[in-house]
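Here is a short report on a protein model and its ligand. Look over the sequence and the structure first, then read on.

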Amino acid sequence: MAEINRAVKGTNDILPSDSHDWQFVEGKLLDTARLYGFKEIRVPVFEHTEVFLRSVGDTTDVVQKEMYTFEDKGGRSITLRPELTAGVIRSSIENGLVNGALPVKVCYVGGCYRYEKPQAGRLREFHQFGVECMGAAEPTADAEVIALARQLLGSVGIENISLEINSIGCPECRKAYHAALKEYFSSKTDELCTTCCERLERNPMRILDCKSPVCSKIAAEAPVVLDYLCDDCREHFEQVKAHLTAAGIEYTVNPHIVRGLDYYTRTVFEFVSGDIGAQSTVCGGGRYDGLVSQMGGPKVPSLGFAMGLERLMMVLKSQGTELPDAPTCDLYIAPLGEKAALKATKLCADLRSEGYAVETDICSRGLKAQMKFANKISAKYSLVLGDDEIENGKAKLKDMTEGTETEIKIDEIVEELGEAIRARIFKSIAEII
Ligand code: ATP
Ligand code: MG
């Protein structure tokens, strides 16, 4: 197939038949985040490359292998965002959010770009919903953010998802841990991949995140960071766990979680589903106490998470979760002839300005084809307008589900349709009760 007819590898179209599911999920997530005080922030899809080098970290897979980086016509190095935290922090510093009342709570939804090997649950363009809470150092903040992630997943109907947590300490305890890792991996350089051999010098923790089977196997036996936490980090982690328990949130401690981005400190966590195969992490996040100052802002301890919406959709699908149906057309008006077409145009304008979803013929079709179309779009009602109807000022409003017809005055269509739709809603409520 010619390239002009083919989407770029690793990208997905969200078609009209599916977009309502996405709107529903995104709406639920934004509404639920609002209950915890998070307001939406929208940042650009691309940033100066430096924004990601500084934050995500230049020894991570994301920076080393996955970024879409290019020079723009002005000679600037630009990168399509591989995640949103970096841009959100950049914006929060630039716009002074972190100099005002703390904590700053923001959430976002948007596309991310990573040059990865496309497979189920792994795309080159994917979408994340995430939150950032800036200016809260206490373990209660960690527990609140994790509780929000849990509630978000529940709000869209995700069941059976497990929470795994860990603490990867602060730069202080990291020193001793790095030394332990270096010692452990140094004797295994023959087996490690070349990238990991380089990582050994600069950032040995990154080896723990390597996807190569050989490196993963070696990493599984490596010293665990929990054994190297300083007293403050250990106490912080104990408090996070205590608050999670107080909130009734189940978790398991997984000492192998380190997360793929360099900015994390202390608490890290993942929500993992058993329903979607190998790419099983739906949501990942943690604390990043040094990031805001590292990016040129004040010392503002912060934390957040991001969930992959494609993976979230995959879980909903595999669970067989029923999402609400997309709203359908309230009325299809089928005009026959020019006079009727003019009347239909007027009625559509009146009804639409009152908030009804109305369609009429814009393809010059005959009655049969028009009614077929009305059925296809699942119109709730239809109204046929011919010369007789125009002359008498009366037409038949047909209930497309029941097949029943009611004669109405054409000029009172707004009131008549409103009444019919209200009656339909009452009937369906009565049926539920
Ligand atoms: P993974 O280990 O699966 O590569 P990650 O650690 O790179 O994930 P994060 O950077 O923490 O992922 O992003 C948060 C979430 O975004 C992930 O948990 C996942 O749900 C989603 N995600 C990340 N990369 C992709 C991708 N290439 N395609 C689809 N979803 C993704
Ligand atoms: Mg990744």
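Start with one acidic side chain. In this predicted model, a polar atom of the E83 side chain lies 3.4 Å from the backbone nitrogen of T85. The backbone nitrogen of A86 lies 2.8 Å from a polar atom of that E83 side chain.

Where does E83 lie? E83 is in the loop between β4 (77-80) and α4 (85-94). Is E83 buried or exposed? E83 is buried, yet has no salt bridge. The nearest side chain of opposite charge belongs to R114, 5.7 Å away. A salt bridge would need a nitrogen-to-oxygen distance within 4 Å.

Now turn to the ligand. R114 appears again here: it is among the closest residues to ligand 1, together with E116, R122, L123 and R259. In total, 15 residues surround ligand 1. They divide into 5 nonpolar, 4 polar and 6 charged.

Which strands each supply at least two residues of this shell? They are β6 (125-134), β10 (281-287) and β11 (302-308). The largest share, 3 residues, comes from β10.

Three polar contacts of ligand 1 are listed here.

| Ligand 1 atom | Protein partner | Distance |
|---|---|---|
| nitrogen | L123, polar backbone atom | 2.9 Å |
| oxygen | Q128, polar side-chain atom | 3.1 Å |
| oxygen | G308, backbone N or O atom | 3.2 Å |

How much of ligand 1 does the protein bury? Taken alone, ligand 1 exposes 580 Å², and the protein buries 92% of that.

Technical notes: Residues numbered from 1 in each chain as written. Chains lettered and ligands numbered in written order. Predicted model: local features only at pLDDT ≥ 70, side-chain atom pairs only at ≥ 80, totals over all residues. Heavy atoms only, no water. Near = heavy atom within 4 Å. Polar contact = N/O pair within 3.5 Å; in protein donor to acceptor, adjacent residues only side chain to side chain. Areas by Shrake-Rupley, 256 points an atom, 1.4 Å probe, with all protein chains shown as cover. Helix = DSSP H or I, 4+ residues; strand = E, 2+ residues; numbered from the N terminus. Nonpolar A, V, L, I, M, F, W, Y, C, P; charged D, E, K, R; others polar. Buried < 20%, exposed > 50% of the residue type's maximum accessible area, 1.4 Å probe, protein only. Lys, Arg positive; Asp, Glu negative; His and termini not counted.
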